[in-house]
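Subject: Structure handover and what was found in it

Dear colleague,

I am passing this structure on to you, and I would be glad if you could open it and keep it in view while you read. My notes follow below it.

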Amino acid sequence: MTTSPPPAAAPASDSTLVRAARGLPVAHTPVWFMRQAGRSLPEYRKVREGVGMLESCRRPDLVTEITLQPVRRHGVDAAIFFSDIVVPLAAVGVDLDIVPGVGPVVAEPVRTRADLERLRDLVPEDVPDITESVRMLVAELGATPLIGFAGAPFTLASYLVEGGPSRTHERTKALMHGDPGLWHDLCARLARISGAFLRVQASAGASAVQLFDSWAGALSRADYTRFVAEHSATVLAAVADLDVPRIHFGVGTGELLTLMGEAGAEVVGVDHRVSLTDALERTGGRWALQGNLDPALLFAPWEPLEQRVREIVEEGRAAPGHVFNLGHGVPPSADPDVLTRVVALVHEVSAR
Ligand code: CP3
């Protein structure tokens, strides 16, 4: 009698994350958390001691270790590449820093044609360390998929034009409406930079990508359509031939979900302000959905948190595919043990 070898673990390209993103059946709902690699973990704070944020993003040893930390600890179904949306901008020479507790701060904001001319394209040779980090990670991760990411043109433009984080995006909107030609040229340049950055990660072995348009929720549908959509579409199109599912996420983008899907994604990210049921109705079942536990619920007692997780898993069953996530990033003060418990609960209640 011959015995067949045990079945090999599914490759990362056939993992629950990739399958759910493609709307294929899965054994359980995949779960990962935006900002899972970061300050909520004591092991993260330890390895980051005395190393600046941008520097840590360019050191393959640190990138690999930090990206793996939440996978080891929580048993999530995907790793998110440890980097930042402004890393490619710094790589093409933009003078910026990531200030703890503040965010990206740009020394010379981009507001004129001459400022734009200083912003050059990104080539893979600018970021050989990113290729190296992704390769190391993919080898370590085995069957667990790695999600690569980039910032969308609007969100990047906001940091560049404002010079730092902004709640109102006033200067950005003033430029958009006041000089549409310059605005479109700036976003086209940023789209090429972000597209190249995504392509580096996907070419080196990332199994999926996420485009973060964190601040797009500040825009009306009309302005998103006129000033932003085509540029985000350019970024997503940059990896269209690489067979990686694309997730498109923004905060407060309940009114933009369909437009964000139409930009060229397989998965639309939903924050916690819109239920998955409403998101499904709005998007007509055209895309898989990702989301959407309110990060604040991580601080609630277990009972209401558990109930909410169960509801989200249940709502997600109606979608063509569902990737469980938070509605936005893990708060730095979240208890990591709660995250671990949420992962186990999602796996348990979604098992099929
Ligand atoms: O775990 C992960 O999600 C992977 C790593 C990741 C980081 N930034 C690491 C980081 C990802 C995916 C990002 C994306 C990012 N960066 C976004 C989009 C996601 C979102 O939250 O909407 C945005 C808007 C940025 C810009 C940025 N960088 C902000 C707003 C901040 C926080 C500033 C602060 O200190 O409050 C950063 C810094 C940053 N990026 C940190 C981390 C872990 C904190 C730096 C530190 O540990 O000192």
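Before we come to the ligand, it helps to know that a polar contact is a pair of N or O atoms within 3.5 Å. Please also bear in mind throughout that this is a predicted model.

With that cut-off in hand, please look at Gly101, where a polar backbone atom is 2.7 Å from an oxygen atom of the ligand, a distance that lies within 3.5 Å and therefore counts as a polar contact. The protein covers 91% of the 860 Å² of accessible area that the ligand has on its own.

Two side chains can be read in the same manner. In Tyr44, an N or O atom of the side chain is 2.6 Å from an oxygen atom of the ligand, and in Arg39 an N or O atom of the side chain is 3.1 Å from an oxygen atom of the ligand.

If you then step back to the surroundings, you will find that the ligand sits in the largest pocket. There are 26 residues around the ligand, and those that come nearest are Arg35, Tyr44, Gly101, Ser214 and His328. Sorted by class, this shell is made up of 16 nonpolar residues, six polar ones and four charged ones. Helix H2, which runs over residues 42–48, supplies at least two residues of the shell, and so does strand E3, at residues 103–106.

The remaining points concern the backbone. Most residues other than glycine have a negative phi, and most peptide bonds are trans. Against that background, the peptide bond from Gly291 to Asn292 deserves a look, as this bond is cis, with omega near -5 degrees; Asn292 itself lies in strand E8, which spans residues 288–293.

Two residues other than glycine have a positive phi that I would like you to find. His169, in the loop between helix H8 (153–162) and helix H9 (170–178), has a phi near 55 degrees. Asp243, in the loop between helix H11 (221–237) and strand E6 (246–249), has a phi near 60 degrees.

Are these two residues buried or exposed? His169 has a relative accessible area of 3% and is therefore buried, since that value is under 20%, whereas Asp243 has a relative accessible area of 59% and is exposed, because that value is over 50%.

With best wishes

Definitions and conventions:
Residues numbered from 1 in each chain as written. Predicted model: local features only at pLDDT ≥ 70, side-chain atom pairs only at ≥ 80, totals over all residues. Heavy atoms only, no water. Near = heavy atom within 4 Å. Polar contact = N/O pair within 3.5 Å; in protein donor to acceptor, adjacent residues only side chain to side chain. Areas by Shrake-Rupley, 256 points an atom, 1.4 Å probe, with all protein chains shown as cover. 1 Å grid on protein atoms, 1.4 Å probe; cavity = no way out; pocket = protein on both sides within 12 Å on 5 of 7 lines; lining within 4 Å. Sits in = over half its atoms within 2 Å of the grid points. Helix = DSSP H or I, 4+ residues; strand = E, 2+ residues; numbered from the N terminus. Nonpolar A, V, L, I, M, F, W, Y, C, P; charged D, E, K, R; others polar. Buried < 20%, exposed > 50% of the residue type's maximum accessible area, 1.4 Å probe, protein only.
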